[in-house]
Amino acid sequence: MQRKGILYVISGPSGAGKGTVLAEVFKKVKDLHFSVSATNRAPRANEIDGVNYHFITDEQFDKLIEEDGLLEYVSKYGNRYGTVKSEVEKMIEECKDVVLEIETTGASNVKRMLKKRVVSIFIAPPSMAELRARLEGRASEGNSNRELRFNTSIHEMMCAYYYDYIVVNDNLNDCVEKVVNIIEGERCKVKYNRHLIKEILNKK
Ligand code: ADP
Ligand code: 5GP
């Protein structure tokens, strides 16, 4: 028997390094799946449709809402972002472990909806000055959008109190190792593996 899937919700201020950290985590952790969100924002130079996001139009986003196709969605930084129901539900049914990289409001909604199977991890920058430097270094947004992201990050940081884990992304490798350990550690929890005990006892 396979244990049911775990939902890992990853949040953190824009520019903290969530995407960078997760790319490394996915190289190291087996059987982990990324829930590709939908957004109406334009893709960045290095982003691929269907991999980083489902990049859709405003009208397509409206349609997804009308069809009840989103588990949750928010408007943030002048764009809309939403967790696609079919992505998550299918993976949970298949007993897969899924990563949702979503902001703090979406994270608290998912936690409320799915409760026990959600593990939340907050990726924090080492300082607000370093966060600003990273946002500027990434140079993926114009000045006003970058400023909006930075200003929102103070509120985002305060939400960290409600997460199960906080990992500071100072040295990238250290941060990746900690996130990998959290994921693997959660997988070993008895509450997700009760079936193993009988299986071992019954094994010939
Ligand atoms: P987020 O997904 O949280 O918005 P990104 O992964 O896009 O953040 O990272 C923002 C910027 O910071 C990128 O330019 C990335 O290369 C850089 N970065 C990420 N992690 C680190 C780190 N540990 N040390 C220095 N720079 C980092
Ligand atoms: P970005 O534009 O930097 O890719 O993302 C902006 C913010 O939206 C990030 O905090 C990211 O985690 C969040 N985000 C991405 N997808 C979703 C989603 O499906 N739902 C919610 N609530 N937030 C999302």
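This is a walk through two groups of strands, a helix and a bound ligand. Please keep in mind that the model is predicted.

Let us begin with the open sheet. Four strands build it, in the order 4-3-6-5, and their pairing is mixed. Strand 4, residues 53-55, and strand 5, residues 70-76, are found at the edges; each has a single partner strand, so one side of each has no neighbour in the sheet. From one strand to the next, the twist averages 25°. As background, strands of a sheet pair through backbone hydrogen bonds, and they can do so in a parallel or an antiparallel way.

Now look at one pair within this sheet. Strand 3, made of residues 37-39, pairs with strand 4 in the parallel sense, and three bridges link the two. To find the place by eye, start from Ser 37, which stands opposite Tyr 53 in strand 4. Keep both of these residues in mind, as they will come back when we reach the ligand.

A helix comes next. Helix 2 covers residues 58-66 and lies across strand 3, strand 5 and strand 6. Strand 6 spans residues 79-84, and helix 2 runs at about 40° to strand 6.

From here, move to strand 7, residues 97-101. Four of its five residues are buried, that is, under 20% relative accessible area, so strand 7 is largely enclosed by the rest of the structure. Which strands pair with strand 7? One is strand 1, residues 7-11, which runs parallel to strand 7 and is joined to it by four bridges. Here Ile 10 stands opposite Glu 101 in strand 7. Another is strand 2, residues 32-34, which pairs with strand 7 in the parallel sense over three bridges. In this pairing, His 33 is the residue opposite Val 98 in strand 7.

Our last stop is ligand 2. It is surrounded by 16 residues, and the closest are Ser 37, Tyr 53, Glu 72, Tyr 81 and Glu 101. You have already met Ser 37 and Tyr 53 facing each other across strands 3 and 4, and Glu 101 opposite Ile 10.

Three arginines also reach oxygen atoms of this ligand with their side chains. For Arg 41, a side-chain N or O atom is 2.7 Å from an oxygen atom of ligand 2. For Arg 149, a polar side-chain atom lies 2.8 Å from a ligand oxygen, and for Arg 44 the distance from a side-chain N or O atom to a ligand oxygen is 2.9 Å. Taken alone, ligand 2 exposes 520 Å², and the protein buries 96% of that.

Terms used. Residues numbered from 1 in each chain as written. Chains lettered and ligands numbered in written order. Predicted model: local features only at pLDDT ≥ 70, side-chain atom pairs only at ≥ 80, totals over all residues. Heavy atoms only, no water. Pairing = 2+ DSSP bridges. Axes fitted to C-alpha atoms, helices over the stretch in contact; angles between N-to-C directions. Contact = heavy atoms within 4.5 Å. Buried < 20%, exposed > 50% of the residue type's maximum accessible area, 1.4 Å probe, protein only. Near = heavy atom within 4 Å. Polar contact = N/O pair within 3.5 Å; in protein donor to acceptor, adjacent residues only side chain to side chain. Areas by Shrake-Rupley, 256 points an atom, 1.4 Å probe, with all protein chains shown as cover.
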